[in-house]
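Visitor: I have a structure open and would like to learn how to read its features. Could you walk me through it?

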Amino acid sequence: MKKITYLLATAALMTACGGNPDGFTITGSVEGGADGDTVYLMKWEGRQTVRIDSAVIADGTFRFKGVQSDSLPTPCYVTYKLDTPDGLLMPFFLERGDISLSLTRNNDSATGTPTNDLYQTYRDKANELNARMGELAKAMSDTDLTDKQKREKRIEMEDLERQSYEATVEATQKNIDNAVGIFLLKENHYSMDVSALGPLMTQIPAAYANDKEIVAIKERTEKLKLTSPGHLFTDFGMQTPEGKAVKLSDYVGKGKLVLVDFWASWCGPCRREMPTLTEAYKLYKSKGFEIVGVSLDRNAEAWKKGIKDLGIDWPQMSDLKFWDCEGAKLYGVNSIPHTVLIDRDGVIIARGLHGEELLQRLADTLE
């Protein structure tokens, strides 16, 4: 079971009920749960988590009853000991009918109603891939691995991540006309490229057309289109760590292949990706390759310390605006690390390259 993730949901109003045609009953179990423990029914309201209801486990089972007043299935989730290392969280769809839930570490399930049954098909595949990635991550932590073995396992992990991405995109495409596809789009749009997002935007059901999150995704998709491969780069200005004003155009369109790396010192995945960028810079700097780091830091000293600690020796710029970073907004970036590869003439040729895929693309281009 995944620990805390972020779910984007619309609210449903709940009241106690009995025999109501709009009623729902949720019956479930918790792996590791004990009688007397409390399970919570939750939703997101704006940027805040809100408890809708609570239930106490008795005879190994918890139960919620209420009314689903919204005509559309509503993404919600159940939680158990959320503020502890053993906490569990599971998304499901609140809708009329009898819903059966099972909170586990690796095999969550929510079944019994049409939307939950539909989502479970995707969840089964996701659970399988997450389990394989978890096992591989443990294997990768073995300090006795040779460099060759580390690279092989890194390639294997990237393949599993690709499969996970493709499974999510496929499920979103198949279900974009219903609540499952909308939920998957909201939860995963930040990792989808414009080739996947573009067609989805034309298929949003009318019931969700004015949803604030969907409107925001549409706006971001338009920005991605303008900065997708084949388009001339979009310029922006920031400051170096020393406080000098610079523009992206100071580096791009000057006859070099440039990788723009959106990152931050506080971003764990960004820090883990740095050895790949260091290797790439060492291999190809003398062959006309440049990296320009665009930091989403908000603290100048933390940014400078990150540069030093990670051994970054390529140009850096930032406006220290965190997620309001002007460059990130222009390029539709809302998850990091994120890269944009720009050719010698200033034309974008790829986005989102990391790890072995990035090294291979550079080798194909520069060797």
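Guide: Gladly. Keep in mind that this is a predicted model. Let's begin with one side chain: Phe289 touches Leu257, Leu259, Ala280, Tyr281, Tyr284, Leu362 and Leu366, leaving aside residues up to four places away in sequence.

Visitor: What larger group does Phe289 belong to?

Guide: First the general idea: in soluble globular proteins, nonpolar side chains tend to be buried together. Here, the largest nonpolar core has 47 residues, and Phe262, Phe289 and Tyr331 are the ones that touch the most other members. Two or more residues each come from β11 (257-263), α6 (268-284), β12 (289-295), α7 (300-309), β14 (338-342), β15 (348-351) and α9 (355-366). Another core, of 23 residues, lies apart from it, and its members include Tyr119, Phe183, Leu200 and Ile214.

Visitor: Let's turn to sheets. In which order do the strands of the open sheet run?

Guide: To read a sheet, follow the strands from one edge to the other. This open sheet has four strands in the order β4-β1-β7-β8, with mixed pairing. At its edges are β4 (62-67) and β8 (109-111), each of which pairs on one side only. Neighbouring strands are turned against each other by 15° on average, direction ignored.

Visitor: In what sense do β1 and β4 pair, parallel or antiparallel?

Guide: Strand β1 (residues 23-30) pairs with β4 in the antiparallel sense, over six bridges. To find the register, look at Thr25, which stands opposite Lys65 in β4.

Visitor: Which strands does helix α1 lie across?

Guide: Helix α1 (residues 114-140) lies across β7 (97-103) and β8, and runs at about 150° to β8.

Visitor: Now the cysteines. How many disulfides does the structure hold?

Guide: The general idea is that a disulfide is a covalent bond between the sulfur atoms of two cysteines. This structure holds one. The partners are Cys267 and Cys270, with their sulfur atoms 2.4 Å apart. The link between Cys267 and Cys270 is right-handed, with 80° about the S-S bond, and both of these cysteines are buried.

Visitor: Why is Cys325 not bonded to Cys270?

Guide: Compare the distance with the cut-off for a disulfide, which is 2.5 Å between sulfur atoms. The closest cysteine sulfur to that of Cys325 is in Cys270, and the two are not bonded because they are 12 Å apart, too far for a bond.

Visitor: Are Cys325 and Cys76 buried or exposed?

Guide: Cys325 is buried, with a relative accessible area of 0%. Cys76 is buried too, at 2%.

Notes: Residues numbered from 1 in each chain as written. Predicted model: local features only at pLDDT ≥ 70, side-chain atom pairs only at ≥ 80, totals over all residues. Heavy atoms only, no water. Pairing = 2+ DSSP bridges. Axes fitted to C-alpha atoms, helices over the stretch in contact; angles between N-to-C directions. Contact = heavy atoms within 4.5 Å. Core = buried A, V, L, I, M, F, W, Y, C linked by side-chain atoms within 4.5 Å. Buried < 20%, exposed > 50% of the residue type's maximum accessible area, 1.4 Å probe, protein only.
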